[in-house]
Amino acid sequence: MKKNILVTGASGFIGSFLVEEAIKRNYQTFAGIRTASNKKYLSDPRIHFLELNFNNNILLDIALNNFANQYGRFDFIIHTAGLTKAINKADFSLVNFENTKKFVHALKRNSLVPDKFVYISSLASFGPGINTNPITSCQIQQPLTEYGKSKLKAEQFLYANPDFPFLIINPTAVYGPRDKDFFFLLKSIEKHIEVYIGSTEQLLSFVHVQDLVEAIFLSMESSAINQNLLVSDLKLYTSKTFNHIVKKNLNKKTISFIVPAFLAGFFALFSEISGSIRGKAPVLSRERLKEFKAMNWSVDCAEIIKLGFVPQFNLEEGLKHTIRWYKEHGWIKG
Ligand SMILES: NC(=O)c1ccc[n+]([C@@H]2O[C@H](COP(=O)([O-])OP(=O)(O)OC[C@H]3O[C@@H](n4cnc5c(N)ncnc54)[C@H](OP(=O)(O)O)[C@@H]3O)[C@@H](O)[C@H]2O)c1
């Protein structure tokens with residue numbers, strides 16, 4: 001008998017890779033989507049779709065009941081659905097915290113508590129490292145942004161339900177094929193422009209989406225339970241490393257601009273206003289800027305290492321792989 005797994009946020013960047021991995025690992029795979037979700041990367045005929053409306057308890061119960069009648073139970077759930085950027089700050093809490101709470105209550109109400117509920121949170125729920133010390137899972141969580149706060153609230157809700165078997169994954173910045181956020185930086189370098197906010201060098205961490213997916217399945221299938229797992233590629237970078245690797249791979253020369261923080265704030269405000277006029281969440285916002293300006297996003301991944309996590313990609317190899325994908329798919333010129 002195949003085990004049943006549900007991936008919410010299946011239409012997104014990370015979710016679509018989780019669905020592919022679940023199929024590869026021979027799970028009966030349910031992709032949690034919304035009516036209007038784009039299924040571009042969910043074309044495998046083995047995928048079962050489950051429309052989940054976290055804002056409507058009745059529709060949510062009907063969907064879960066229909067699932068239970070036909071397939072029984074979920075062995076695992078990976079709750080990836082979430083907002084990383086928003087037009088209104090309040091939306092972070094509504095989607096990342098309230099929806100998680102509603103979903104957990106609905107699972108309990110419908111007797112569909114899985115063996116493990118994996119919550120995809122973020123390193124942002126911890127906030128940056130203190131001085132130059134890496135972020136650890138036992139430090140006091142002090143998120144800088146509404147996004148980070150909403151993720152922390154969801155984590156605290158899970159910890160307040162210890163009878164509910166959960167695992168919290170806190171990935172650092174995730175990049176890889178299909179990603180649109182880092183793609184912005186690549187496009188700028190393609191246009192020979194390299195931008196830095198402030199002149200102080202930051203400590204940064206990254207993880208390639210395929211390594212993150214590996215870490216998620218590794219921990220989900222392990223005995224780890226009711227804890228946080230911080231995930232990066234186990235390396236430390238500075239703010240210049242990313243651009244340097246991209247420049248090398250695109251074979252581009254650039255002009256560097258160091259934007260003072262106050263000016264970056266002005267650009268962020270402008271992009272928020274234009275985003276709200278167009279009804280599109282901006283990539284750069286004053287909230288995001290708080291994270292861009294933080295000096296230390298290095299991370300101690302001791303717990304996931306203990307589970308046997310060995311990343312396949314460092315940033316150099318991962319970006320090379322990602323850029324090849326962007327070129328093959330016509331996102332950037334070959
Ligand atoms: N990307 C990163 O660097 C990173 C780093 C750390 C943590 N994370 C976390 O990883 C998760 C996935 O991120 P991602 O980069 O894959 O983002 P993404 O590409 O924007 O995908 C987000 C997914 O969540 C779904 N979603 C958004 N609002 C929803 C709502 N109200 N109800 C139901 N589904 C909703 C989206 O569905 P639609 O397609 O229908 O909009 C989409 O499938 C997020 O929880 C994020 O906080 C991401």
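**View 1. A bridge between strand 2 and strand 3 in the predicted model.** The bridge partner of A31 in strand 3 is F49. Strand 2 covers residues 28-33, runs parallel to strand 3 and is joined to strand 3 by 4 bridges. Strands of a sheet pair through backbone hydrogen bonds, in either a parallel or an antiparallel manner.

**View 2. The open sheet, made of 7 strands.** The order of the strands is 3-2-1-4-5-6-11, and their pairing is parallel. Strand 3 (48-51) and strand 11 (228-231) are the edge strands, each paired on one side only. On average, and with direction ignored, neighbouring strands of this sheet are turned by 20 degrees against each other.

**View 3. Helix 1 packed on the sheet.** Helix 1 spans residues 13-24 and touches strand 1 (4-8), strand 2, strand 4 (76-79) and strand 5 (116-120). The direction of helix 1 makes about 170 degrees with that of strand 1.

**View 4. The residues around the ligand.** The ligand is surrounded by 23 residues, and the closest are G9, G12, S37, A81 and G82. By class, this shell has 11 nonpolar and 11 polar residues, along with 1 charged residue.

**View 5. Helices and a strand that supply the shell around the ligand.** At least two residues of the shell come from each of helix 1, helix 3 (90-109) and strand 7 (173-175). Helix 1 gives the most, with 3 residues. Helix 1 thus appears in two of these views: the helix packs on the sheet and also supplies residues to the shell around the ligand.

Key
Residues numbered from 1 in each chain as written. Predicted model: local features only at pLDDT ≥ 70, side-chain atom pairs only at ≥ 80, totals over all residues. Pairing = 2+ DSSP bridges. Axes fitted to C-alpha atoms, helices over the stretch in contact; angles between N-to-C directions. Contact = placed C-beta atoms within 7 Å. Near = placed C-beta within 6 Å. Nonpolar A, V, L, I, M, F, W, Y, C, P; charged D, E, K, R; others polar.
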